[in-house]
Amino acid sequence: MVGMRDEGSTPMLDPRVPGLPLLYEGKVRNIHAVGEDRLLLLASDRLSAFDRVLPMGVPDKGRILSQLSAFWFRRTAHLVPNHLISASWPEIRRLAAIEEPLNQLDGRATLVTRAERIDVECVVRGYLAGSGWLEYQASGTLAGLPLPPGLREGDALPEPAFTPAIKNDRGHDENISVERLAALVGADLARQMETASRALYTNAVRYALTRGMIIADSKFEFGLRDGRLILIDEILTPDSSRFWDAARYQPGSAQVSFDKQPVRDYLTKLGWHGEAPAPNLPAEVIAATTARYHSAYSLITGQPLDD
Ligand SMILES: Nc1ncnc2c1ncn2[C@@H]1O[C@H](COP(=O)(O)OP(=O)(O)OP(=O)(O)O)[C@@H](O)[C@H]1O
Ligand SMILES: [Mg+2]
């Protein structure tokens, strides 16, 4: 059964290619430079909660994020150009002239075109959830935009909302208006980012519904390459989106999502909100989380993750 074989497998917390320059260690990915123009993204099994990386990883999470993103990059390339060059380890080794086999990186490595990142998270929301639901209850708005009265938690919005936010290295991202986005990056680029984000979201939502999945919201990042906008980072994964099981969708309450919810629930029960040190997670919480990531992958792609 999907997910079961992972019990007991070890998470990979710090994937690297010896000899390649390491540019950045993110919360989830280690990033190597491959020459001037390309990056090698290595997705670890690291997991963060309340903006802190937890001491234990979730086995297979990195492979699932990488392969699910690659699936969507291929599916949406006709809509928006993206950074994907290859997510196949044998091919990446060839393209990047990596001699060591490093088979442990198989599935979690992505070779991409390096872009000049635009430090904005382009969020599209189709449903009322999370911080959006909190704001709506307090002020009847979503990212400052008025919404009709009477909506419940989890309800679909009258139409998807584009709610960009500034990326903030200290964690919490700050919502900005589309006018502010235009002032930051220029009106033309701002329009392109909104149009691309909406097209990606709408297209993905439509496909995911045929597979029994609701994509409640999703975040996209863009960069510039030779003056043109390209989609970068990860897309339409459980880390960048809220995925809900359509069969269990019930507006009027919080929805079950295919992500690190078992971890969040456990930490909330402990009363932990991000202070150091982070607590250890019980094996069953980790196994439940791995199983959620596997379910998201197989539901969307129609296939279990390769061994
Ligand atoms: N093609 C690309 N060109 C330049 N930067 C990229 C590209 N693709 C992804 N990135 C950046 O690489 C990093 C990916 O690492 P990771 O997902 O671990 O980051 P993170 O901890 O989520 O950090 P952040 O908060 O910056 O997103 C992100 O900062 C992302 O913006
Ligand atoms: Mg990230």
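This is a walk through a predicted model, stop by stop, with something to select at each one.

**Stop 1: the main core**

Start by selecting L54, W72, I215, F220 and F222. Of the 60 residues in the largest nonpolar core, these touch the most other members. If you colour by element, you'll see that helix 5 (187–210) hands over the largest share of this core, 10 residues. Other elements giving two or more residues include helix 1, strand 9 (120–127), strand 15 (213–225) and helix 7. As a bit of background, nonpolar side chains in soluble globular proteins tend to be buried together.

Now zoom in on W72. What is W72 in contact with, leaving aside its neighbours within four places in sequence? Show A204, Y207, I215, I235, L236 and I300, and you have the set. Keep L236 in mind, as we'll come back to it.

Before moving on, select V34, L40, W89 and L105. They are among the 14 residues of a second, separate core.

**Stop 2: strand 9**

Next, pick out strand 9. Of its 8 residues, 8 are buried, so this strand is mostly covered. Turn on the backbone and follow its pairings:

- Strand 15 runs antiparallel to strand 9, with 4 bridges between them; look for C122 and its bridge partner F220.
- Strand 12 (residues 156–162) is also antiparallel to strand 9, over 3 bridges; here R125 stands opposite A161.
- Strand 13 (residues 165–168) pairs with strand 9 in the antiparallel sense through 2 bridges; E121 has A165 as its bridge partner.

F220 may look familiar: it was one of the core residues that touch the most other members.

**Stop 3: strand 7**

Move to residues 109–113, which make up strand 7. Is this strand largely enclosed or left open? With 4 of its 5 residues buried, strand 7 is largely enclosed by the rest of the structure. Strand 3 joins it through 5 bridges, running antiparallel, and you can find L39 opposite V112. Strand 6 (residues 84–86) is antiparallel to strand 7 too, with 2 bridges. Select S86 and you'll find its bridge partner, L111, in strand 7.

**Stop 4: the cavity**

Time to look for empty space. Rolling a probe the size of a water molecule over the atoms shows where such space is left. How many cavities of 30 Å³ or more does a search of the whole structure find? The search finds 1, and about 80 Å³ of space lies in it. To get there, select L41, S66, S69, T110 and D233, the closest to its centre among the 13 lining residues. Strand 3 (38–43) and helix 1 are the elements that give two or more residues to the lining. Helix 1 gives the most, with 5 residues. By class, the lining has 5 nonpolar, 4 polar and 4 charged residues.

**Stop 5: the second largest pocket**

Stay with helix 1 (61–76) and select Q67, G107, Y297, L305 and D306. Of the 17 residues lining the second largest pocket, these lie nearest its centre. The pocket's volume is about 340 Å³. Helix 1 again supplies the largest share of the lining, here 4 residues. Helix 2 (89–95) and helix 7 (283–301) also give two or more residues each. The lining divides into 7 nonpolar, 5 polar and 5 charged residues.

**Stop 6: helix 6 and the loop after it**

Select helix 6 (261–270). Its buried residues are Q261, P262, V263 and L267, and what covers them includes strand 4 (48–49) and helix 7. Right after the helix comes G271, with a positive phi near 85°. Carry on into the loop between helix 6 and helix 7, where P277 sits. A cis peptide bond joins A276 and P277, with omega about -10°. For context, most peptide bonds are trans, and most residues other than glycine have a negative phi.

**Stop 7: two positive phi values**

Finish with two non-glycine residues. D226, in the loop between strand 15 and strand 16, has a positive phi of about 50°. L236, in the loop between strand 16 and strand 17, has one of about 55°. Which of them is buried and which exposed? D226 counts as exposed because its relative accessibility is 71%, over the 50% cut-off. L236 is at 0% and counts as buried. That is the L236 you met in contact with W72.

How values were computed: Residues are numbered from 1 along each chain as its sequence is written. Chains are lettered from A and ligands numbered from 1 in the order in which they are written. This is a predicted model: local features need pLDDT of at least 70, side-chain atom pairs count only at pLDDT 80 or more; totals for chains, interfaces and linings use all residues. Side-chain values use heavy atoms; hydrogens and water are left out. On a 1 Å grid over the protein atoms alone, a cavity is a set of points where a 1.4 Å probe fits but cannot get out, and a pocket is an open set with protein on both sides within 12 Å along at least five of seven lines; lining residues have an atom within 4 Å of a point. Grid points are joined across faces, edges and corners, and a volume is the space filled by probe spheres set on the points. Ala, Val, Leu, Ile, Met, Phe, Trp, Tyr, Cys and Pro count as nonpolar, Asp, Glu, Lys and Arg as charged, and the others, Gly among them, as polar. A nonpolar core is a set of buried Ala, Val, Leu, Ile, Met, Phe, Trp, Tyr and Cys residues joined through side-chain atoms within 4.5 Å. Buried means under 20% relative accessible area, exposed over 50%, partly exposed in between (1.4 Å probe, protein chains only). Contact means heavy atoms within 4.5 Å. Two strands pair if DSSP finds at least two bridges between them.
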